[in-house]
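Dear colleague,

Please find below the structure that I am handing over to you. My findings follow directly after it.

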Amino acid sequence: MMISKKMEEALNQQIEFEGYASFLYLSMATWCDNQGLNGCADFLKRQSEEERMHMLKIFEYLSDVDGFALTPGIKEPPRKFDTVQLLFKEVYEHEQKVTQSINKLITLANKEDDHGTQTFLQWYINEQREEEALMRTVLDRIRLIGDGTQSLYFIDKEMEAINQAAIAAEAAGGGAA
Ligand code: OFO
């Protein structure tokens, strides 16, 4: 099976998008680490690894369909964030953008009558549903904790617990949390 140039180009853009997400979350992890928020940093490092895996999956797919995956130049993500609460809001919004981008890819695959790519992209649809649900849980917990004096301590503890639960779910074969 050979992929159309249009589809190849769009998947290469997605490679860049996933790569940027990986760097963005890594940069966020570094900032959290610097603020002493180790639970948040570990959560974001795992998310960063996941995004890298999403990027690599497209490399492999393009190679399977006789396409050419381009290694993107990734623009530097922000280094500083206002608050940890706003940082996680940004993660959620970024995930929503990724979902929109996957939806566009599926629309293109439909137009191109490319059933192979449509099937390949189904994995990303499920992944995005899980990621958005996870990030909504994170935002709900942060909201419930509120902004009392010890809120950063409790947010960090909560993120550590969410991260451990995600690792356990992955180990049990439950996919991305
Ligand atoms: Fe790959 O964008 Fe999130 O999961």
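Thr99 is buried, because its relative accessible area is 18% and buried means under 20%. The model in which this residue sits is a predicted one, and every value in this message was computed from it. Thr99 belongs to helix H3, which covers residues 84–111. Leaving aside residues up to four places away in sequence, Thr99 touches Gln128 and Glu132.

A second residue of interest in helix H3 is Lys89. Is Lys89 buried or partly exposed? Lys89 has a relative accessible area of 41%, so it counts as partly exposed; that class lies between the limits of 20% and 50%. Lys89 also shows how the chain brings distant positions together: Lys89 and Met135 are 46 residues apart in sequence, while their C-alpha atoms are 8.3 Å apart in space.

The overall architecture may be described next. The secondary structure of the protein consists of five helices and zero strands. Followed along the sequence, the pattern reads α-α-α-α-α. The C-alpha trace spans about 60 × 30 × 25 Å along its principal axes. How does the radius of gyration of the protein agree with that of a compact globule, and what are the two values? For 177 residues, a compact globule would have a radius of gyration near 16 Å; the protein has 17 Å, and therefore the two agree.

Three further totals describe the whole protein. Of its 177 residues, 45% count as buried. Among contacts with a separation of 6 or more, 81% are between residues 24 or more positions apart. The accessible surface comes to about 9,600 Å², and carbon and sulfur atoms account for 52% of that surface.

I should also like to draw your attention to the largest pocket. The space within the largest pocket is about 170 Å³. Which elements give two or more residues to its lining? They are helix H1 (5–34) and H3. H3 provides the largest share of the lining, namely five residues. The residues that line the pocket are Ala10, Gln13, Gln14, Phe17, Lys97, Gln100, Ser101, Lys104 and Leu105. By character, this lining divides into three nonpolar, four polar and two charged residues.

Finally, two loop residues deserve a look at their backbone angles. Asp66 lies in the loop between helix H2 (38–64) and H3. Its phi is near 65 degrees, which is a positive value in a residue other than glycine. Asp66 is exposed, because its relative accessible area is 52% and exposed means over 50%.

On the other side of H3 in the sequence, Asp113 is placed in the loop between H3 and helix H4 (115–145). What is the phi of Asp113 near, in degrees? The phi of Asp113 is near 60 degrees, again a positive value in a residue other than glycine. With a relative accessible area of 55%, Asp113 is likewise exposed.

When you open the model, I suggest that you begin with helix H3, where both Thr99 and Lys89 are found. From there you may turn to the lining of the largest pocket, to which H3 gives five residues.

With kind regards

Methods:
Residues numbered from 1 in each chain as written. Predicted model: local features only at pLDDT ≥ 70, side-chain atom pairs only at ≥ 80, totals over all residues. Heavy atoms only, no water. Helix = DSSP H or I, 4+ residues; strand = E, 2+ residues; numbered from the N terminus. Buried < 20%, exposed > 50% of the residue type's maximum accessible area, 1.4 Å probe, protein only. Contact = heavy atoms within 4.5 Å. 1 Å grid on protein atoms, 1.4 Å probe; cavity = no way out; pocket = protein on both sides within 12 Å on 5 of 7 lines; lining within 4 Å. Points joined across faces, edges and corners; volume = space filled by probe spheres on them. Nonpolar A, V, L, I, M, F, W, Y, C, P; charged D, E, K, R; others polar. Rg over C-alpha atoms; globule rule 2.2 N^0.38 Å. Areas by Shrake-Rupley, 256 points an atom, 1.4 Å probe, with all protein chains shown as cover.
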